[in-house]
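Biologist: I'd like to go through this fold with you, one question at a time. Could you pull it up so we can both look?

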Amino acid sequence: MKSAPVITVRNLQRTVGVDLTALKNFARRALDCCLSLPTRKSILSSLACVDVLLISDRRIASLHLRFQKIAGPTDVITFQHGEIFISAQTAQRHAAEFGTSTRREIELYLLHGLLHLHGFNDKTTADRHRMNAIQDKMMRAL
């Protein structure tokens with residue numbers, strides 16, 4: 001049986017303060033939780049590593065335009081080779097807008113990326129509702 005992927009978390013931005021130790025602990029728990037979910041299309045279990053990278057709005061906007069042809073920043077972009085890019089600045093803005101914490105927003109984006117790697121998608125309304133329900137349940141558990 002293949003072992004679970006190693007998950008790394010790196011902060012590549014300097015604008016938003018982040019408790020990297022707490023985020024790394026959350027990432028390991030979230031990975032284990034995701035891997036316990038049944039799915040048919042997971043690539044997560046076949047990866048050797050998952051890299052979570054906290055970046056600026058400027059950098060995520062560049063990735064967003066390059067790979068999804070959409071201008072402007074977004075919260076999280078997940079690549080099938082195991083990279084999860086998270087905009088710390090977007091997390092900070094959304095935290096203020098939604099009355100949560102920046103840490104909670106970043107954790108949500110990290111979990112969202114892991115769920116994508118585990119085979120969940122949010123392209124249709126039905127898929128989005130299913131993924132959000134699983135994501136909400138997992139966030140409460142974690």
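Biologist: Which side chain meets Glu107 in a salt bridge?

Modeller: Keep in mind that this is a predicted model. Glu107 lies in helix α4, and its partner lies in that helix too, 4 residues apart, about one turn of the helix. The N to O distance is 3.1 Å, and a salt bridge here needs the nitrogen within 4 Å of the carboxyl oxygen. The side chain that meets Glu107 is Arg103.

Biologist: Is Glu107 buried or exposed?

Modeller: The relative accessible area of Glu107 is 8%. The cut-off for burial is under 20%, so Glu107 counts as buried.

Biologist: How many salt bridges does the count come to?

Modeller: Side chains of opposite charge can pair when their charged atoms come close. Glu107 and Arg103 make one such bridge, and Asp57 and Arg93 make another, at 2.5 Å from N to O. The count comes to 2.

Biologist: How many residues apart in sequence are the parts that Asp57 and Arg93 tie together?

Modeller: The side chains of Asp57 and Arg93 meet in a salt bridge. Asp57 lies in helix α2 (residues 57–68), while Arg93 lies in helix α3 (residues 88–98), so the pair ties together parts whose separation in sequence is 36 residues.

Biologist: And what is the relative accessibility of Arg93?

Modeller: Let's take both ends of that bridge. Asp57 is at 13% relative accessibility, so it counts as buried. Arg93 counts as partly exposed, with a relative accessibility of 41%.

Biologist: Let's step back to the whole chain. In what order do the elements run from the N terminus on?

Modeller: There are 5 helices and 4 strands to place. Starting at the N terminus, the order is β-α-β-α-β-β-α-α-α.

Biologist: What radius of gyration does the protein have?

Modeller: The C-alpha atoms fill a box of roughly 40 × 35 × 30 Å along the principal axes. For 142 residues, a compact globule would have a radius of gyration near 14 Å. The protein agrees with that, at 14 Å.

Biologist: What share of the contacts with a separation of 6 or more comes from residues 24 or more positions apart?

Modeller: Leu23 and Ile106 give one example of a long separation, being 83 residues apart in sequence and in contact. Across the protein, residues 24 or more positions apart account for a share of 63% of the contacts with a separation of 6 or more.

Biologist: How far apart in space are Leu23 and Ile106, C-alpha to C-alpha?

Modeller: Leu23 sits in helix α1 (residues 20–35) and is buried at 4% relative accessibility. Leaving out residues up to four places away in sequence, Leu23 touches Val9, Val18, Leu54, Ile106, Glu107 and Leu110. The C-alpha atoms of Leu23 and Ile106 are separated by 8.4 Å.

Biologist: Which residues does Ser56 contact, leaving aside neighbours within four places in sequence?

Modeller: Ser56 is placed in the loop between β2 (49–55) and α2. At 15% relative accessibility, Ser56 counts as buried, and its C-alpha is 8.0 Å from that of Arg14, 42 residues apart along the chain. The contacts of Ser56 are Gln13, Ser87 and Gln89.

Biologist: Is Thr102 buried or exposed?

Modeller: Thr102 is in helix α4 (residues 102–117), and its contacts beyond four places in sequence include Val16, Ala88 and Ala95. Its relative accessible area is 19%, and the cut-off is under 20%, so Thr102 counts as buried.

Biologist: Which non-glycine residue has a positive phi of about 55 degrees?

Modeller: Look in the loop between α2 and β3 (76–79). The residue there is exposed, with a relative accessible area of 65%. The name you want is Lys69.

Biologist: Last one: how far apart in space are Ala4 and Ala95, C-alpha to C-alpha?

Modeller: Ala4 is in the segment before β1 (6–11) and is partly exposed at 43% relative accessible area. Ala4 and Ala95 are 91 residues apart in sequence, and the distance between their C-alpha atoms is 31 Å.

Terms used
Residues numbered from 1 in each chain as written. Predicted model: local features only at pLDDT ≥ 70, side-chain atom pairs only at ≥ 80, totals over all residues. Heavy atoms only, no water. Helix = DSSP H or I, 4+ residues; strand = E, 2+ residues; numbered from the N terminus. Rg over C-alpha atoms; globule rule 2.2 N^0.38 Å. Contact = heavy atoms within 4.5 Å. Buried < 20%, exposed > 50% of the residue type's maximum accessible area, 1.4 Å probe, protein only.
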